[in-house]
Amino acid sequence: MESTVVAREKPRAAGGAKQHPSGDNRFKMLEATMKRHQYQADALIEVLHTAQELFGYLEEDLLIYVAHSLKVPPSRVFGVATFYHFFSLKPKGLHTCVVCMGTACYVKGAANVVTAIETMAGVRSGETTGDGKLSLLTARCLGACGIAPAVVLDGAVTGRQTPDTVTQLVKGWLE
């Protein structure tokens, strides 16, 4: 019996963008962003922003992919990704709690809020709980000094928080 092997051409994304070997469609969208910026190295922050939106965080392979595509050294891409607080190199938890550590918030007890959450959730600032339910982060300043201490819970800015009020809110996420 004779068999026939039919070579299949890899599908191309709309607009002629390259198909990533993984077949992950998010790479097509990232590729479209880089193409829109004509693969210019000065579009690095915009490309990283899009990559984080698409993938949730910037893992090492993704940073290397961006570096190769924009033809910039991986050290530069890594440097930008680690310089800006906005970018995350680790996956975030299901819920996020960001405590402002600006001067006004610090004076009004933000450090106590962080300590209370760390103790209650068993996680350190900048980390995610083992079950992936909570990421605890700090920010230099949210610009909400009038409601200090300010805490951002899943994107919603809340003010005049105490260790008790925040731990009660966060405790519900961990159950």
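Is S135 buried or exposed, and at what relative accessibility? In this predicted model, S135 counts as buried, because its relative accessibility is 1%, under the 20% that marks the limit for buried residues. The legends below begin with the whole chain and then turn to close-up views, S135 among them.

**Overview. The chain combines 7 helices with 5 strands.** Read along the sequence, these elements follow one another in the pattern α-α-α-α-β-α-α-β-β-β-β-α. The chain has 175 residues, of which buried residues make up 37%. When contacts between residues at least 6 apart in sequence are taken, 58% of them join residues that are at least 24 apart.

**View 1. S135 in strand β3 reaches the backbone of G93 through its side chain.** Strand β3 spans residues 134-139 and contains S135, whose side chain comes to 2.6 Å from the backbone nitrogen of G93. Once residues up to four places away in sequence are set aside, S135 touches K92, G93, H95, T96, C97, E127 and T128. H95, one of the residues in that list, is taken up in the following view.

**View 2. H95 in strand β1 makes a polar contact with D154.** H95 belongs to strand β1, which covers residues 95-100. The contact runs from the side chain of H95 to the side chain of D154, at a distance of 2.6 Å. Because its relative accessibility is 18%, under the limit of 20%, H95 counts as buried. Leaving out neighbours within four places in sequence, the residues in contact with H95 are K133, L134, S135, D154 and W173, so that S135 and D154 both appear in the surroundings of H95.

**View 3. Helices α1 and α3 cross in a right-handed manner.** Two packed helices are described by the angle between their axes and by the distance between those axes. For helix α1 (residues 25-36) and helix α3 (residues 60-70), the axes come within 11 Å and cross at roughly 35°. On the side of α1, the residues that meet α3 are F27, L30, E31 and M34, and their counterparts in α3 are L62, Y65, V66, S69 and L70. By class, this contact of α1 with α3 comprises 7 nonpolar residues, 1 polar residue and 1 charged residue.

**View 4. V66 is a buried residue of helix α3.** V66 is found in helix α3 and counts as buried because its relative accessible area is 1%, which is under 20%. Not counting residues up to four places away in sequence, V66 touches L30, L44, V47, L48 and V77. The C-alpha atoms of V66 and M34 are separated by 8.8 Å, although these two residues lie 32 residues apart along the chain.

**View 5. D24 and R26 form a salt bridge.** Side chains of opposite charge can pair when their charged atoms come close. In the pair formed by D24 and R26, the closest N and O atoms are 2.7 Å apart, and a search of the whole structure finds 1 salt bridge. R26 counts as partly exposed, because its relative accessibility of 31% falls between the limits of 20% and 50%.

**View 6. E59 lies in the loop between α2 and α3.** Helix α2 covers residues 44-55, and the loop that holds E59 runs between this helix and α3. With a relative accessible area of 38%, E59 is partly exposed. The C-alpha atoms of E59 and P91 are separated by 8.4 Å, while the two residues are 32 residues apart along the chain.

**View 7. Y39 and K71 have positive phi values, and A148 is joined to P149 by a cis peptide bond.** Most residues other than glycine have a negative phi, and most peptide bonds are trans. Y39, in the loop between α1 and α2, has a positive phi of about 55° although it is not a glycine, and at 32% relative accessibility Y39 counts as partly exposed. K71 lies in the loop between α3 and α4 (74-83), and its phi is near 60°. K71 is exposed, because its relative accessible area of 73% is over 50%. The peptide bond from A148 to P149 is cis, with omega near -10°, and P149 is found in the loop between β3 and β4 (151-153).

Methods:
Residues are numbered from 1 along each chain as its sequence is written. This is a predicted model: local features need pLDDT of at least 70, side-chain atom pairs count only at pLDDT 80 or more; totals for chains, interfaces and linings use all residues. Side-chain values use heavy atoms; hydrogens and water are left out. Axes are lines fitted to C-alpha atoms, for helices over the stretch in contact, and angles run from 0 to 180 degrees between N-to-C directions. Helices (H or I, at least four residues) and strands (E, at least two) are DSSP runs, numbered from the N terminus. A crossing is left-handed if the near helix is turned anticlockwise from the far one by less than a right angle, and right-handed if clockwise. Contact means heavy atoms within 4.5 Å. Ala, Val, Leu, Ile, Met, Phe, Trp, Tyr, Cys and Pro count as nonpolar, Asp, Glu, Lys and Arg as charged, and the others, Gly among them, as polar. Buried means under 20% relative accessible area, exposed over 50%, partly exposed in between (1.4 Å probe, protein chains only). A polar contact is a pair of N or O atoms within 3.5 Å; within protein, one must be able to donate a hydrogen and the other to accept it, and residues adjacent in sequence count only if both atoms are side-chain atoms. A salt bridge is a side-chain nitrogen of Lys or Arg within 4 Å of a carboxyl oxygen of Asp or Glu.
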